[in-house]
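Welcome! Below is a short tour of the interior and the hollows of one protein model, with the sequence and structure to hand.

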Amino acid sequence: MYIKRNISWGVILRYAWKNIIFFTVYTTSIFSIYYFLGWDFIDIPFQPLSLIGIAVAFYIGFKNSQSYDRFWEGRKIWGGIVNYSRTWANQVLCLVNADHNTKKVLIHRHIAWINALRIQLRQPTSFTIKENAAIENLFKRHGEQKPACDATQQFVSEKEYQDLLERKNTATHLVKNQGLHIKQLLDNDQITEFDKQLFHHTLEEFYNLQGKCERIKNTPFPRQYAYFSTVFTWIFVLLLPFGLLNVFESELSDMSQHLKPWFIFLMIPLCVLISWIFTTMEKIGSNSEDPFEGRINDVPMTALCRTIEIDLRDMLDEKDLPEKEQPKDNILY
């Protein structure tokens with residue numbers, strides 16, 4: 001999640017530089033063919049092009065709205081994980097009639113669960129967005145593509161860690177282990193039957209929250225909207241220079257002779273600007289489709305996991321607590 005109020009031009013250019021160069025070369029080529037080679041027949045009426053632009057704008061608006069809904073739902077889910085994590089720690093500390101080490105195991109296993117879930121959600125899929133090298137290198141420096149069980153090693157026993165290495169869904173088995181541990185506490189008369197019901201309700205909520213995250217992660221944004229939004233945008237921006245030729249030519253007759261060259265040349269930067277605006281709007285929606293990729297617009301799961309860890313370990317009265325996660329390149333992961 002980008003945390004500065006204004007996005008820096010460095011980040012903007014990382015995304016836009018290839019398109020800006022392409023639009024400049026493309027528009028200049030069409031401009032030169034029309035005015036210097038005399039190909040007057042390549043211009044097209046602007047009225048149908050304006051209708052295409054309006055339709056594309058509505059289509060992009062719908063896509064961006066739905067993409068933001070996916071991000072906001074993901075953020076609300078992780079807000080629920082934060083709240084129920086504190087509830088879990090409070091239940092362990094208040095209801096478990098056992099030594100401090102037993103309570104520590106239950107709470108630390110939960111910290112392992114949130115970190116395992118975070119890593120699982122950040123694994124790439126077949127529909128993961130691919131950016132240019134400048135963007136990919138930025139996220140590779142700070143990204144997390146390691147196995148999910150690696151994030152659990154410092155929070156669980158070696159025996160449990162070795163078992164997790166053999167599992168397909170690390171986070172699922174950590175919650176299962178919590179349930180088995182609760183059963184053992186009940187058998188040892190360290191909690192009551194009513195306490196067990198409270199614990200299992202919280203564990204059920206963890207599974208619900210995990211399932212909601214996996215639903216967003218494993219269900220791509222409908223491709224008919226995502227793909228054709230890109231297609232329609234590029235059709236519009238590729239036709240745009242031909243339509244502007246017609247517009248600028250119709251205005252030349254009313255201008256003084258010495259202003260005509262400047263007015264004609266103005267078509268190039270104006271066309272590049274309009275094309276950049278439309279492609280940027282389309283890309284914003286594409287970059288918000290999956291809120292768990294660990295990219296610039298995504299849910300800052302690492303920071304949320306660190307916040308939960310600090311809170312829970314502080315509730316255990318532990319010392320040497322970790323520092324809050326700090327942004328990297330103004331991006332909070």
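## The largest cavity

Helix α6 gives the most to the lining of the largest cavity, with three residues, and α3, α6 and α7 each supply at least two. Helices here are DSSP runs of H or I with at least four residues, numbered from the N terminus. The lining residues are Trp 88, His 110, Trp 113, Leu 174, Val 175, Gln 178, Leu 203 and Phe 206. The volume is about 30 Å³, and a search of the whole structure finds one cavity of 30 Å³ or more.

A cavity is a set of points, on a 1 Å grid over the protein atoms alone, where a 1.4 Å probe fits but cannot get out; lining residues have an atom within 4 Å of a point. Points are joined across faces, edges and corners, and a volume is the space filled by probe spheres set on them.

Please keep in mind that this is a predicted model: local features need pLDDT of at least 70, side-chain atom pairs count only at pLDDT 80 or more, and totals for chains, interfaces and linings use all residues. Residues are numbered from 1 along each chain as its sequence is written, and side-chain values use heavy atoms, with hydrogens and water left out.

## The nonpolar cores

Trp 88 and Trp 113 also appear among the residues with the most contacts inside the largest nonpolar core, which has 44 residues; Trp 78, Ile 81, Val 96 and Phe 292 complete that list. Such a core is a set of buried Ala, Val, Leu, Ile, Met, Phe, Trp, Tyr and Cys residues joined through side-chain atoms within 4.5 Å, where buried means under 20% relative accessible area, exposed over 50%, and partly exposed in between (1.4 Å probe, protein chains only). Helices α2, α3, α5, α6, α7 and α11 each supply at least two residues of this core, and α3 gives the most, with nine.

Leaving aside neighbours within four places in sequence, Ile 81 is in contact (heavy atoms within 4.5 Å) with Trp 113, Ile 114, Leu 117, Leu 209 and Ile 308. Apart from the largest core lies another, of 19 residues, including Phe 23, Phe 236, Ile 268 and Val 272.

## Helix α10

Ile 268 and Val 272 are among the buried residues of α10, the helix of residues 267-286. Seen down the axis, the buried residues of α10 fall within an arc of 155 degrees, so they line one face of the helix; the arc is that of the directions from the helix axis to the C-beta atoms.

Pro 269 has its place in α10 too, and is partly exposed, with a relative accessible area of 41%. Pro 269 and Thr 27 are 242 residues apart in sequence, yet 8.7 Å apart in space, C-alpha to C-alpha.

Methods: The expected span of a helix is 1.5 Å times one less than its number of residues. On a 1 Å grid over the protein atoms alone, a cavity is a set of points where a 1.4 Å probe fits but cannot get out, and a pocket is an open set with protein on both sides within 12 Å along at least five of seven lines; lining residues have an atom within 4 Å of a point.
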